[in-house]
Amino acid sequence: MSTSLLVRSSLPRALAHRAALRSVAVQARANSTVSEHKYVAGGPIPKGGPNDAVTFPPPSPTHGSYHWVFERTLAAALVPLTAAAFVTSGTNYPILDGVLGLSLIAHSHIGFDQCIVDYLHPRKFPVLGPATTWALRGATLAATVGIFQFNTNDIGLTELIAKVWTA
């Protein structure tokens, strides 16, 4: 008894039929003439040769190195702002309350926005990506209003930090 006959007799007919249909579908897909979504092994082919100069996009204040410098400066500025909040009292320095509150909100917004850009990019998630971006913008606006109300109508952010620290 040959090996192929043994294999054919041991496999169920449905499995053999499904494998045959799958191979026909793969051949039909490979022979299709749809050029807009044609697969290229190794990814898309870049234009130009390996020794051509790379074209860089023009610098934008909201992207690239300017954006990175702003994020790092904001993160570094939070250290002395938080230390100043521990040293001073919020009732004497309301501007410090406002600057600390806006800095914390901006820092949080930038961090969450980067998570959304990295994991829910609109090219891959055309509905969920923009929806979460707008939800983050709404949450940031609500947090800004909440911090403003807390700083103007209540004890303030620095006084809260002092009370929590001594509790």
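**Helix α3 and the chain around it in a predicted model**

Biologist: In this predicted model, is glutamate 71 buried or exposed?

Modeller: The relative accessible area of glutamate 71 is 10%. A residue is buried when that figure is under 20%. Glutamate 71 is therefore classed as buried.

Biologist: Which residues does glutamate 71 touch, not counting those up to four places away in sequence?

Modeller: Glutamate 71 sits in helix α3, which spans residues 64–87. With residues up to four places away in sequence set aside, the residues touched by glutamate 71 are Ile110 and Gln114.

Biologist: Is phenylalanine 86 buried, partly exposed or exposed?

Modeller: Phenylalanine 86 also belongs to helix α3. Its relative accessibility is 37%, and the class between buried and exposed runs from 20% to 50%. Phenylalanine 86 therefore counts as partly exposed.

Biologist: What accessible area do Phe86, Val87 and Trp165 have together?

Modeller: These three residues form a nonpolar patch on the surface. The accessible area of Phe86, Val87 and Trp165 together is about 400 Å².

Biologist: How many helices and strands does the protein chain have?

Modeller: Along the sequence, the pattern reads α-α-α-α-α-α. The counts for the protein chain are 6 helices and 0 strands.

Biologist: What share of the accessible surface of the protein chain belongs to carbon and sulfur atoms?

Modeller: Of the 167 residues in the protein chain, 14% are buried. The accessible surface of the chain comes to about 13,400 Å². The share belonging to carbon and sulfur atoms is 68%.

Key
Residues numbered from 1 in each chain as written. Predicted model: local features only at pLDDT ≥ 70, side-chain atom pairs only at ≥ 80, totals over all residues. Heavy atoms only, no water. Helix = DSSP H or I, 4+ residues; strand = E, 2+ residues; numbered from the N terminus. Buried < 20%, exposed > 50% of the residue type's maximum accessible area, 1.4 Å probe, protein only. Contact = heavy atoms within 4.5 Å. Patch = residues over 30% accessible without salt bridge, like charges linked within 9 Å, V, L, I, M, F, W, Y side chains within 5 Å. Areas by Shrake-Rupley, 256 points an atom, 1.4 Å probe, with all protein chains shown as cover. Salt bridge = Lys/Arg side-chain N within 4 Å of Asp/Glu carboxyl O.
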